[in-house]
Protein chains: 2
Amino acid sequence: MQKKDYQAKLAASQYKLTGQRATVLEVMINNRGKHLSAEEVLQQARKLRPNIGIATVYRTLEKLASLEILYKGMFDSGKYRYELADDREHHHHHAVCVNCGSITEIKDDLLCELEKNIEKQGFRIVDHDLKFYGYCPKCSPS
Amino acid sequence: MQKKDYQAKLAASQYKLTGQRATVLEVMINNRGKHLSAEEVLQQARKLRPNIGIATVYRTLEKLASLEILYKGMFDSGKYRYELADDREHHHHHAVCVNCGSITEIKDDLLCELEKNIEKQGFRIVDHDLKFYGYCPKCSPS
DNA sequence: TTAATAATGATAATTATTATCATTAGGGAG
DNA sequence: CTCCCTAATGATAATAATTATCATTATTAA
């Protein structure tokens, strides 16, 4: 998806496509594949719109996540991170380096079977989250 | 494992087995299979030792996790939760109910293959974390 | 027993997030 | 175009979880 598609999605919602929201969206698009914290989004957004406030950033990220334009996740650092949701559509997951903290993507299709078993037990799954912790190639003692 | 084994593990470490630490350990053992927040541990611990402080609880949980007696994890509620680590040894995972927040255990052995693939890419895995989100049997609209 | 060190509890400080509120900005009715 | 209504914004206060500080207490080693 590209910029105008996201804007269309937002415009079609109950919310308005304001300048601030477009800015946050643009930051996320410029950082496709990365996982930004609210603070990091603020830093980037201020380059485009110097007086945007942190509250607006939080509010916008929350709204974009509720529209499923963004995915909101917790990567064991004690704060939430956001990424464009369509990067997640193909069920990829995250490998978190315990040394440098870098996050890389992992593709996966092995989970379907496991999910079926769980649903047999009466638990109706709507989402899942898989993370691997270890040493990325750069940090690996090798 | 039982109480004395954990105590032995702690005693064998660089840390002392104080009364407070034994209390926190006992709370965790009494709640085997549950995932307690620091605040919940404090509540339980105060029943056994009324004047234990929250700082000691945090410090003790941190130490027990560093000794791998406990597992410390984030279940998307914005706070850490702790559980006895040996409950995790058989690679079970968590199903988090998005309605009532209950956490149930999922056994799993399907991940080995996926891990092998990731290691081929040069990422050395030391741990992983798999969570399912959905509706538990009680909350399922069914 | 005493000196050194580690642990504790109270509480201050910090960090991430959410709530409040006065002000501003758009969008439709006339 | 102007007025009104509501939504959105930015500044900042409030909250929640966690971590740091520090004086006091307990434990260990000599």
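**Notebook: helices, loops and one tyrosine in a predicted model**

I began with A:T23, which has its place in helix α2 (residues 19–30) of chain A. I take helices (H or I, at least four residues) and strands (E, at least two) as DSSP runs, numbered from the N terminus. The model is predicted: local features need pLDDT of at least 70, side-chain atom pairs count only at pLDDT 80 or more, and totals for chains, interfaces and linings use all residues. Residues are numbered from 1 along each chain as its sequence is written, chains are lettered from A and ligands numbered from 1 in the order in which they are written, and side-chain values use heavy atoms, with hydrogens and water left out.

**Entry 1: A:T23**

I asked whether A:T23 is buried or exposed. A:T23 has a relative accessible area of 6% and is therefore buried. The classes I use are buried for under 20% relative accessible area, exposed for over 50%, and partly exposed in between (1.4 Å probe, protein chains only).

I then listed the partners of A:T23. Not counting residues up to four places away in sequence, A:T23 touches A:A45, A:L48 and A:R49; contact means heavy atoms within 4.5 Å. With A:R49 there is a polar contact between the two side chains, at 3.1 Å. A polar contact is a pair of N or O atoms within 3.5 Å; within protein, one must be able to donate a hydrogen and the other to accept it, and residues adjacent in sequence count only if both atoms are side-chain atoms.

**Entry 2: chain A as a whole**

I counted five helices and six strands in the secondary structure of chain A. Read from the N terminus on, the elements run α-α-β-α-α-β-β-β-β-α-β. Of the 142 residues in chain A, 44% are buried. Among the contacts in chain A with a separation of 6 or more, 48% are between residues 24 or more positions apart.

**Entry 3: loop residues**

I looked up A:K16 in the loop between α1 (3–11) and α2 of chain A. A:K16 counts as exposed because its relative accessibility is 65%. Residues up to four places away in sequence aside, A:K16 touches A:L10 and A:R21.

I next checked backbone angles. Most residues other than glycine have a negative phi. A:E68 is not a glycine, although it has a positive phi of about 60°. The residue lies in the loop between α4 (54–66) and β2 (70–74) of chain A, and at 60% relative accessibility A:E68 counts as exposed.

In chain B, I found that B:E68 also has a positive phi, of about 60°, although it is not a glycine. B:E68 is in the loop between α4 (54–66) and β2 (70–74) of chain B. With a relative accessible area of 61%, B:E68 is exposed.

**Entry 4: helix pairs in chain B**

How do the axes of helix α1 (residues 3–11) and helix α2 (residues 19–30) of chain B cross, and at roughly what angle? They come within 11 Å and cross at roughly 140°, which makes α1(B) oblique to α2(B). Axes are lines fitted to C-alpha atoms, for helices over the stretch in contact, and angles run from 0 to 180 degrees between N-to-C directions. Angles under 35 degrees count as roughly parallel, over 145 as roughly antiparallel, 65 to 115 as roughly perpendicular and the rest as oblique.

I noted that B:K3, B:Y6, B:Q7 and B:L10 of α1(B) meet B:R21, B:A22, B:L25, B:E26 and B:I29 of α2(B). By class, this contact has five nonpolar, one polar and three charged residues. Ala, Val, Leu, Ile, Met, Phe, Trp, Tyr, Cys and Pro count as nonpolar, Asp, Glu, Lys and Arg as charged, and the others, Gly among them, as polar.

For α2(B) and helix α3 (residues 38–48) of chain B, the axes come within 9 Å and cross at roughly 115°. That makes α2(B) roughly perpendicular to α3(B). From α2(B), B:T23, B:V24, B:E26, B:V27 and B:M28 meet B:V41, B:Q44, B:A45 and B:L48 in α3(B). The residues of this contact divide into six nonpolar, two polar and one charged.

**Entry 5: B:Y80**

I closed with B:Y80, in strand β3 (residues 80–84) of chain B. At 24% relative accessibility, B:Y80 counts as partly exposed. Its neighbours within four places in sequence aside, B:Y80 is in contact with residues including A:D76, A:S77 and A:G78 of chain A and B:L36, B:S37 and B:A38 of chain B. The side chain of B:Y80 reaches the backbone nitrogen of A:G78 at 3.2 Å. B:Y80 and B:L36 are 44 residues apart along the chain, with their C-alpha atoms separated by 8.3 Å.
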